[in-house]
Amino acid sequence: MGGAVVDDGPTGVKAPDGGWGWAVLAGCFVITGFSYAFPKAVSVFFKELIKEFHVGYSDTAWVSSILLAMLYGTGPLCSVMVNKFGCRPVMMVGGFFASLGMVLASFATSIVHIYLCVGVITGLGLALNFQPSLIMLNRYFSEKRPLANGLAAAGSPVALCCLSPLGQILQYQYGWRGGFLILGGILLNCCACAALMRPLLPPKKARELKDGLLTGTDEEKTPHPKKKLLDFSVFRDRGFVIYTVAASIMVLGLFVPPVFVVNYAKGLGYEDTTSALLLTILGFVDMFARPLSGVIAGMEWVRPRCVYFFSFAMIFNGCTDLIGSQANTYAGLVVFCIFFGISYGMVGALQFEVLMAIVGTEKFSSAIGLVLLMEAMAVLVGPPGAGRLLDTTQRYMYVFLLAGCEVTLSAIVIAVGNFLCMKSKAEDLCQLEMGATAAKEETREGEEQREKENGKVADLHLPGDAGEEVEKKGQEEVDEGCP
């Protein structure tokens with residue numbers, strides 16, 4: 001099943017690595033912030049929703065869970081729509097849905113309406129913005145792509161630091177209904193970001209469009225490339241399979257510490273405001289760690305080994321969880337949040353850069369959708385599973401130990417798997433090179449043999465002066481032999 005590709009990064013178009021790409025990066029920064037920070041920012045309204053609809057905290061927590069499930073689980077749908085209609089139209093529709101969901105939620109009369117409006121509609125809208133923005137970023141940047149990914153990923157902590165206080169102010173001034181309505185208006189900025197995602201065109205075609213020389217007949221004669229709406233051939237790439245497995249394991253534990261660290265501090269007897277400050281510290285460090293990681297990943301020596309740098313970031317994060325599980329003072333938790341913010345920012349900046357490096361630009365739109373679908377299953381299992389462990393043991397130490405083990409295991413999987421995969425690929429390349437060399441030698445020997453045969457024939461039929469000399473010598477021999 002195929003479809004016309006609208007802006008699929010046509011061959012022959014080099015990534016600008018600048019120019020309009022910086023505008024695309026700005027749009028990706030905003031959309032990444034909305035996508036990752038919005039599910040957490042909505043949680044400030046949960047107390048009001050509990051009072052309004054007479055439900056428990058676990059009921060309202062489903063709002064954020066459904067939002068995340070839609071953001072990750074609709075990856076293949078986003079891939080199909082991008083490959084069919086292009087990035088910009090899909091993002092325009094996504095911005096409208098994201099805003100519409102919050103506006104409709106402001107008129108909700110039950111918690112189920114909140115699930116449908118905020119969770120499903122707004123979640124789908126954010127998903128239709130997030131994935132295409134990363135695809136466009138991949139098309140506009142090549143040499144500077146690690147830096148671009150790091151800067152775009154920094155939108156998540158920046159937006160979280162802005163949206164959470166804004167949500168509290170809106171709730172205090174206008175109530176949860178007015179807050180949802182205003183947030184719906186703010187989400188319309190996704191449409192403005194979508195307008196920045198200008199598709200890349202071949203230089204010759206761009207000039208023809210500018211000069212008005214591309215007629216209807218020419219358009220009919222121009223062949224349109226075909227592409228699968230969802231390319232499952234990425235699973236034939238061993239590197240992609242290893243990445244998908246490792247990322248799924250990583251997500252099981254990656255998001256657990258930010259969810260439980262505040263309650264961890266409260267369990268040690270600290271006040272609510274003091275405990276909440278830990279997330280602020282984590283977000284502030286994360287804000288600077290992401291672009292810095294992008295700069296490091298773009299270095300000449302590091303970039304070819306970006307997968308191992310990503311593995312180091314995951315091990316760093318996992319070990320931070322393991323050591324942080326032993327913290328029993330507020331100072332210890334502050335140190336934990338600083339190091340977790342660094343490692344969390346490194347992982348956030350590198351995860352999609354590594355995927356882009358593995359599958360390339362052509363298959364990235366399908367690959368990211370399939371990866372997000374696999375991660376969606378882990379997202380729905382990870383935090384609830386950690387909560388179940390907490391209910392059983394009543395100790396946060398075991399929760400952090402479990403999260404650290406999961407992230408560390410994922411780092412080992414991607415590092416060892418990539419090493420073995422690259423080794424086998426190198427052996428395959430060596431065999432191909434040996435075969436090619438042997439074929440070249442056989443071809444050269446055959447050419448030399450043909451040249452020798454042609455040389456013998458040429459001796460019998462020498463052209464020009466050489467032929468005359470042979471005839472002259474022959475005639476002299478005849479004359480000498482005659483009486």
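The largest cavity in this predicted model has a volume of about 90 Å³. Who sits around it? Its lining is made up of Thr32, Tyr36, Phe130, Leu134, Asn149, Ala152, Ala153, Arg290, Gly348, Ala349, Gln351 and Phe352. Sort those by class and you get seven nonpolar residues, four polar ones and one charged one.

Now look at where the lining comes from. Helix 1 (21-41), helix 6 (111-140), helix 7 (145-153) and helix 16 (330-393) each bring at least two residues to it. Helix 16 gives the most, with four residues.

How many cavities of 30 Å³ or more are there? The count comes to two, and the second largest has a volume of about 40 Å³. Around this second largest cavity you'll find Phe38, Ala41, Val42, Phe45, Leu163, Gly167 and Leu183. Two elements, helix 1 and helix 8 (155-187), give two or more residues to that lining. The largest share, three residues, belongs to helix 8. As for class, the lining of the second largest cavity holds six nonpolar residues, one polar and no charged.

Next, move along the chain to helix 15, which runs over residues 306-324. With its 19 residues, helix 15 reaches 27 Å from first C-alpha to last, close to the 27 Å expected at 1.5 Å a residue. Which residues of helix 15 are buried? Early on there are Cys306, Val307, Phe309, Phe310 and Ser311, and the list carries on with Ala313, Met314, Asn317, Gly318, Thr320, Asp321 and Gly324. When you read a list like that, keep in mind that an α-helix has 3.6 residues a turn, so residues three or four places apart point the same way.

Notes: Residues are numbered from 1 along each chain as its sequence is written. This is a predicted model: local features need pLDDT of at least 70, side-chain atom pairs count only at pLDDT 80 or more; totals for chains, interfaces and linings use all residues. Side-chain values use heavy atoms; hydrogens and water are left out. The expected span of a helix is 1.5 Å times one less than its number of residues. Buried means under 20% relative accessible area, exposed over 50%, partly exposed in between (1.4 Å probe, protein chains only). On a 1 Å grid over the protein atoms alone, a cavity is a set of points where a 1.4 Å probe fits but cannot get out, and a pocket is an open set with protein on both sides within 12 Å along at least five of seven lines; lining residues have an atom within 4 Å of a point. Grid points are joined across faces, edges and corners, and a volume is the space filled by probe spheres set on the points. Ala, Val, Leu, Ile, Met, Phe, Trp, Tyr, Cys and Pro count as nonpolar, Asp, Glu, Lys and Arg as charged, and the others, Gly among them, as polar.
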